[in-house]
Amino acid sequence: LRGPYWGTFDLYLDDHKLRTVDSHADSLSLGVERVDVPDAPHRLTVHATARRKRVRLFGATLERGGPSFVIDSFGVGAMNTASQGREDPRINRQMLAHRGYDLVIFATGANDVFTLDVTPGHLKNIIAYHREALPETPILILTPSDRGKERTFAPTLQAVEQRRVLAEENQCSLWDQFSAMGGPNAMKRLKQRGLLLYDYIHLNEAGGRYLGERLLYALLSEVR
């Protein structure tokens, strides 16, 4: 992040200093630093160097050249659409334009069960600035995953239906993740198959792979 209150940091590659980056600017904006290296294992390290100013980093993209699939995941524990709606859209637009995505996926429905009243307005605004930055990029909305030990947590059913309505109202594609998991009361069966963590809410690595493969199959089956 570049802005009036931000300072300097040093970039090190394999313990060798590359350069000092000054993130001070008159107004808030997205800053991008590019490092080109030979194709081999490397260590990139960031050292904040301004004692009286802060440094804020949004992340790093590690990519090879040539055609490939690249996935950026903005994963935040307990995040929902309402919390995403509090982000600065000016910075988000710049980041979206810089990355130039071919597909955007919203998968925050599981935690929207507690904010169903404000989710539609926030999601509408979020989709709007995504489309301003990426007007030709399709948007895919996922219904929330199931949750509950013996039976589905009741508000989840409301969130699933709300997701279907919001996808239609905002002219987005929809993948029914809830049905792909097995529909109502699916978590008990998935736990028996060893695909969940202890809380009957979160998938483990095997469960994530299982559901990810189902989503990938759905996407590839629609490619024309």
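Is K17 buried, partly exposed or exposed? With a relative accessibility of 46%, K17 counts as partly exposed. Here are some notes on the rest of this predicted model, in the order I would look at it on screen.

1. **Overall layout.** The protein has seven helices and six strands. Read from the N terminus, the elements follow the order β-β-β-α-α-β-α-β-α-β-α-α-α. Along the principal axes, the C-alpha atoms fill a box of roughly 55 × 40 × 40 Å. Of the 224 residues, 34% count as buried.

2. **K17 and its partner.** Back to the opening residue: K17 forms a salt bridge with D10, and the closest N and O atoms are 3.7 Å apart. The cut-off for a salt bridge here is 4 Å, so you may like to look at this pair with that number in mind. The two ends differ in cover: K17 is partly exposed at 46%, whereas D10 counts as buried because its relative accessibility is 8%, under the 20% limit. A search of the whole structure finds 13 salt bridges, and two others are picked out below.

3. **R19 with E33.** The side chains of R19 and E33 meet in a salt bridge, with 3.0 Å from N to O. R19 belongs to strand β2 (residues 16–22), while E33 sits in the loop between β2 and β3 (44–48), so this pair ties together parts that are 14 residues apart in sequence. Both partners fall into the middle class of exposure: R19 is partly exposed, at 30% relative accessible area, and E33 is partly exposed too, at 41%.

4. **R99, E63 and a small network.** Another salt bridge joins the side chains of R99 and E63, at 2.6 Å from N to O. This pair links distant parts of the chain, with R99 in helix α2 and E63 in the loop between β3 and α1 (81–84), 36 residues apart. Salt bridges that share partners bring E63, D72 and R99 into one network. E63 itself is partly exposed, with a relative accessible area of 44%.

5. **The second largest pocket.** The volume of this pocket is about 180 Å³. Its lining is made up of D102, L103, P138, L140, S173, L174, W175, L215, A218, L219 and E222. The elements that give two or more residues to this lining are β6 and α7 (205–221). By residue class, the lining divides into eight nonpolar, one polar and two charged.

6. **A nonpolar patch on the surface.** L103, I105 and L219 form a nonpolar surface patch, with about 200 Å² of accessible area together. L103 and L219 also appear among the residues that line the second largest pocket, so it is handy to show patch and pocket in one view. L103 lies in the loop between α2 (89–99) and β4 (104–106). With a relative accessible area of 34%, L103 is partly exposed, and patch members need over 30%.

7. **Two positive phi values.** Which residues other than glycine deserve a look for their backbone angles? Q171 has a phi near 55°, a positive value in a residue other than glycine. Q171 is in the loop between α4 (154–169) and β6 (173–175) and counts as exposed, at 69% relative accessibility. N185 also has a positive phi, near 60°, and is likewise a residue other than glycine. N185 is placed in the loop between α5 (177–180) and α6 (186–192). In terms of cover, N185 is partly exposed, with a relative accessible area of 34%.

8. **A buried aspartate in a loop.** Where does D112 sit? D112 is found in the loop between β4 and α3 (119–133). Despite that loop position, D112 counts as buried, at 1% relative accessibility. The C-alpha atoms of D112 and V160 are separated by 9.8 Å, although these residues are 48 residues apart along the chain.

Technical notes:
Residues are numbered from 1 along each chain as its sequence is written. This is a predicted model: local features need pLDDT of at least 70, side-chain atom pairs count only at pLDDT 80 or more; totals for chains, interfaces and linings use all residues. Side-chain values use heavy atoms; hydrogens and water are left out. Patches are made of residues with over 30% relative accessible area and no salt bridge: like charges are joined within 9 Å, nonpolar side chains (Val, Leu, Ile, Met, Phe, Trp, Tyr) within 5 Å. Accessible areas come from the Shrake-Rupley method with a 1.4 Å probe; for residues, only the protein chains shown count as cover. Helices (H or I, at least four residues) and strands (E, at least two) are DSSP runs, numbered from the N terminus. Buried means under 20% relative accessible area, exposed over 50%, partly exposed in between (1.4 Å probe, protein chains only). On a 1 Å grid over the protein atoms alone, a cavity is a set of points where a 1.4 Å probe fits but cannot get out, and a pocket is an open set with protein on both sides within 12 Å along at least five of seven lines; lining residues have an atom within 4 Å of a point. Grid points are joined across faces, edges and corners, and a volume is the space filled by probe spheres set on the points. Ala, Val, Leu, Ile, Met, Phe, Trp, Tyr, Cys and Pro count as nonpolar, Asp, Glu, Lys and Arg as charged, and the others, Gly among them, as polar.
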